[in-house]
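Me: I am new to this structure and would be grateful for a close look at a single part of it. Please take the interior as the starting point and then proceed outwards.

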Amino acid sequence: MEVLESIKTRRSIRKYRSAPVDDKAVQAVLEAGRWAPSWANTQCWRFIVVRDAKTKAALADTLFRGPGGFENPGITAVNTVPVLIVICAQMGKSGCNPHGETVTEKGDWYLFDTALAVQNMVLAAHSLGLGTVIIGAFDAPAAAAVLGVPEGYSLVTLFPLGVPDEAPKARPRKELSEIVFKDKFGA
Ligand SMILES: Cc1cc2nc3c(=O)[nH]c(=O)nc-3n(C[C@H](O)[C@H](O)[C@H](O)COP(=O)(O)O)c2cc1C
């Protein structure tokens, strides 16, 4: 699938078939993440491939469900999909000098670099006919404890990877006229 087409037709998938996802497809998705750009090529990302049912259930338990009334719509997907990809970041690398000190006002750029890798991966998955949904509303430290993520690393996000069992309509996007300015902000 051509890149622009993949960008435009990818949707977040929250319903999956039980059909298996083979290692070759998982490898292709991971490879797409590996080739993302990163701060000074520091590649702070680490990927955990989860197939174990008990681990998936434990991770699904970390997704927000109340008490504020917000139930993460991705819970069932995380629990039932054949594969989960979990993205961690080594802290003190992206946006940092060799001593681990941040060099811009933004601090550690790990969220930026891992997001680039994740976007590569979800687009690659889509081009292979597989669905994903990026999960952010969850207790990341609890998920990190489930997976034994060591000190110095932050568990950033995770996404299910499986054969879609739904074809959701595209959610609307702002028009370019609302988000693009000429020469000066707001103009
Ligand atoms: C950083 C981030 C966090 C997200 N967290 C969740 C989540 O916790 N649960 C969920 O169901 N969807 C989550 N999403 C998916 C968004 O809701 C979705 O991308 C958005 O509504 C646009 O729909 P589309 O992906 O189908 O184009 C997240 C997306 C991003 C980029």
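Which residues have the most contacts inside the largest nonpolar core?

Reply: The model is predicted. Its largest nonpolar core has 22 residues, and those with the most contacts inside it are Val78, Phe138 and Leu155. Several elements supply at least two residues each to this core: the helices α3 (53-60), α4 (75-80) and α6 (140-147), together with the strands β2 (83-90) and β4 (153-162).

Valine 78 merits particular attention. Leaving aside residues up to four places away in sequence, valine 78 touches Lys56, Leu59, Ala60 and Leu63, and also Leu84, Ile135, Leu158 and Pro160. Apart from the largest core lies another one, of 16 residues, which includes Val21, Val118, Val122 and Ala125.

Aromatic rings add a further element to the picture. The structure holds three aromatic pairs. One of them joins tryptophan 39 and tryptophan 109 in a tilted arrangement, with 5.4 Å from centre to centre and 45 degrees between the planes. This pair links distant parts of the chain, 70 residues apart: tryptophan 39 belongs to the loop between α2 (23-34) and β1 (45-50), whereas tryptophan 109 belongs to the loop between β2 and α5 (110-127). Trp39 and Trp109 also form one aromatic cluster with Phe112. Tryptophan 39 counts as partly exposed because its relative accessible area is 26%, which falls between the limits of 20% and 50%.

Charged side chains come next. A search of the whole structure finds five salt bridges. In one of these, arginine 51 pairs with aspartate 23, and the closest N and O atoms are 3.0 Å apart. Arginine 51 lies in the loop between β1 and α3 and aspartate 23 in helix α2, so this salt bridge ties together parts that are 28 residues apart in sequence. Aspartate 23 is exposed, at 54% relative accessible area, while arginine 51 is partly exposed, at 35%.

Helix α2 also holds both partners of another salt bridge, glutamate 31 and arginine 34, which are three residues apart, about one turn of the helix. Their side chains meet at 2.8 Å, N to O. Glutamate 31 is partly exposed at 33% relative accessibility, and arginine 34 is partly exposed at 45%.

Finally, there is a nonpolar patch on the surface, formed by Val3, Leu4 and Ile7, with about 290 Å² of accessible area together. Isoleucine 7 lies in helix α1 (residues 3-9) and is partly exposed, with a relative accessible area of 39%.

Conventions:
Residues are numbered from 1 along each chain as its sequence is written. This is a predicted model: local features need pLDDT of at least 70, side-chain atom pairs count only at pLDDT 80 or more; totals for chains, interfaces and linings use all residues. Side-chain values use heavy atoms; hydrogens and water are left out. A nonpolar core is a set of buried Ala, Val, Leu, Ile, Met, Phe, Trp, Tyr and Cys residues joined through side-chain atoms within 4.5 Å. Buried means under 20% relative accessible area, exposed over 50%, partly exposed in between (1.4 Å probe, protein chains only). Helices (H or I, at least four residues) and strands (E, at least two) are DSSP runs, numbered from the N terminus. Contact means heavy atoms within 4.5 Å. Rings of Phe, Tyr and Trp (its six-membered ring) pair if their centres lie within 6.5 Å; planes under 30 degrees apart count as stacked, over 60 as edge-to-face and the rest as tilted. Patches are made of residues with over 30% relative accessible area and no salt bridge: like charges are joined within 9 Å, nonpolar side chains (Val, Leu, Ile, Met, Phe, Trp, Tyr) within 5 Å. Accessible areas come from the Shrake-Rupley method with a 1.4 Å probe; for residues, only the protein chains shown count as cover. A salt bridge is a side-chain nitrogen of Lys or Arg within 4 Å of a carboxyl oxygen of Asp or Glu.
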